[in-house]
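Biologist: I am new to this one. Can you take me through how its helices pack?

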Amino acid sequence: MIESFSCLNLRCFEKKEFLFEKQFTLIEGKNGAGKTTVLEGIFLSVRGKSFLTGKLSNLVKNGEDFFKVKTGINGNYIDVFYSKRERKKEFLLNGKRERILRVSLMFPLFIFNGRLLNFIRSDTITLYKFFNIILSLYDKAYLKAYNEYSRALKEKRSLLTLQAKNDSIEPWNIILMERSNIIREKRKVFVKKINNILKENNFVLYRENSLKEENKSVFERELKEKRVLAGCHRDRFFILKNNKDMRFFYSSGQQKNIFFDVLTAVGKVFGEKTGQKPVLLLDDFDSEFDLSNLKYCLNNVLESFQIILTTTDKAKYSDFDYNLISL
Ligand SMILES: Nc1ncnc2c1ncn2[C@@H]1O[C@H](COP(=O)(O)OP(=O)(O)OP(=O)(O)O)[C@@H](O)[C@H]1O
Ligand SMILES: [Mg+2]
């Protein structure tokens with residue numbers, strides 16, 4: 001659970017400090033008050049990057065050189081320091097330097113905003129990446145296999161562009177096939193667990209890439225096109241309701257509802273394994289929802305997650321027991 005957050009020179013904030021005492025926190029304020037910035041700072045502490053920009057220098061308050069962020073989570077402290085002048089980025093876990101990758105694997109935390117939903121609506125890669133992150137956080141063996149797979153994929157790609165001989169590519173093909181098997185098996189088990197929890201005819205479909213490494217003609221095409229066509233990096237996930245793809249059949253509000261049902265199930269699967277509720281940061285949650293769907297979805301996700309949510313209108317949440325941060 002996120003317990004506290006403080007920052008210095010972070011975007012619009014000179015100095016701020018907040019406590020999160022309940023499972024549900026509402027951050028209320030007008031446009032530009034800094035609500036998204038609080039979520040950005042928390043996300044940065046745990047994942048090592050912003051969900052809005054690739055450049056940490058954008059997060060430094062205008063006219064200043066550095067920012068500092070401190071987040072309390074599950075009895076631990078994460079400090080982030082960034083200086084423009086020194087070009088220095090520092091991550092500390094409980095006062096000691098730590099690799100951000102290790103930190104991100106210790107504390108499951110997710111962000112959901114309108115932007116992410118729009119990507120999920122318009123492509124298939126975003127949902128694929130989303131499930132990969134979830135599985136990497138959920139299962140260390142998945143992460144290991146996926147990292148090994150990605151390394152082999154990179155090697156094979158560069159050999160294909162160099163038009164190397166089949167013999168030099170073959171060992172990488174074997175690694176890719178072996179790791180694909182592990183990865184696919186774990187994806188199937190995870191999706192099955194989610195589908196067992198899902199209600200209301202919602203369903204996650206995992207579809208394997210139809211092109212296989214062992215097929216000679218696929219390999220010939222790969223050599224010709226200089227790209228890797230076979231393998232589990234081209235598998236995809238789809239969210240269905242009543243056997244219809246969420247992206248093409250349902251209204252904006254319905255799509256959001258369906259996605260939150262899946263997210264709730266993901267949180268439950270996590271909770272069953274760790275005994276803890278992962279953290280869910282929600283930006284733009286109200287938009288596209290009518291009041292009854294807003295309440296329905298929030299009630300659901302609160303079963304599985306600690307929620308930190310931004311809003312311009314707290315009245316919409318009057319039925320809920322929350323900890324209020326007013327900006
Ligand atoms: N580097 C910076 N230095 C100073 N101010 C900044 C910096 N970057 C962004 N800001 C300002 O910080 C303010 C807070 O932005 P933020 O996105 O957190 O607001 P918000 O409360 O989420 O607003 P909305 O309700 O519109 O989503 C904005 O007015 C923005 O212009
Ligand atoms: Mg905002």
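Biologist: Which residues in H6 meet H9?

Modeller: This is a predicted model. On the H9 side, the contact takes in Val-262, Ala-265, Val-266, Lys-268 and Val-269. Those residues divide, with their partners, into seven nonpolar, no polar and two charged. The partners in H6 are Phe-190, Lys-193, Ile-194 and Ile-197.

Biologist: Is H6 roughly parallel or roughly perpendicular to H9?

Modeller: H6 covers residues 166–197 and H9 covers residues 252–274. Their axes lie 9 Å apart, and the helices pack at an angle of about 115°. Angles from 65 to 115 degrees fall in one class, so H6 is roughly perpendicular to H9.

Biologist: Is the crossing of H6 and H9 left-handed or right-handed?

Modeller: The two helices pack with their axes 9 Å apart. As H6 passes H9, the crossing is right-handed.

Biologist: What span should H9 have, at 1.5 Å a residue?

Modeller: H9 has 23 residues. Its end C-alpha atoms are 33 Å apart, which agrees with the expected span. That expected span is 33 Å.

Biologist: Which residue just after H9 takes a positive phi?

Modeller: H9 ends at residue 274. Just after the helix, phi is about 75°. The residue is Gly-275.

Biologist: How do H9 and H10 lie, parallel or antiparallel to each other?

Modeller: H10 covers residues 291–304. The axes of H9 and H10 come within 8 Å and cross at roughly 15°. Angles under 35 degrees count as one class, so H9 and H10 are roughly parallel.

Biologist: Which residues of H10 make the contact with H9?

Modeller: H9 passes H10 in a left-handed crossing. From H9, the contact includes Gly-253, Asn-257, Phe-260 and Gly-271. The residues of the contact divide into four nonpolar, eight polar and three charged. H10 supplies Asn-293, Cys-297, Asn-300, Val-301, Glu-303 and Ser-304.

Biologist: Is H5 roughly parallel or roughly antiparallel to H6?

Modeller: H5 covers residues 140–161. H5 and H6 pack with axes 9 Å apart, at an angle of about 150°. Angles over 145 degrees share a class, so H5 is roughly antiparallel to H6.

Biologist: How many residues of the contact of H5 with H6 are nonpolar?

Modeller: H5 passes H6 in a left-handed crossing. Tyr-142, Ala-145 and Leu-153 are among the H5 residues, and Trp-172, Ile-175 and Leu-176 are among those in H6. Two residues of the contact are polar and five are charged. The nonpolar count is 13.

Biologist: Which helix gives the largest share of the shell around ligand 1?

Modeller: 16 residues surround ligand 1, and the closest are Cys-12, Asn-31, Gly-32, Thr-36 and Thr-37. The shell divides into three nonpolar, ten polar and three charged. The largest share is three residues, from helix H1.

Methods: Residues numbered from 1 in each chain as written. Chains lettered and ligands numbered in written order. Predicted model: local features only at pLDDT ≥ 70, side-chain atom pairs only at ≥ 80, totals over all residues. Axes fitted to C-alpha atoms, helices over the stretch in contact; angles between N-to-C directions. Helix = DSSP H or I, 4+ residues; strand = E, 2+ residues; numbered from the N terminus. Left-handed = near helix turned anticlockwise from the far one by under 90°. Contact = placed C-beta atoms within 7 Å. Nonpolar A, V, L, I, M, F, W, Y, C, P; charged D, E, K, R; others polar. Expected span 1.5 Å × (residues − 1). Near = placed C-beta within 6 Å.
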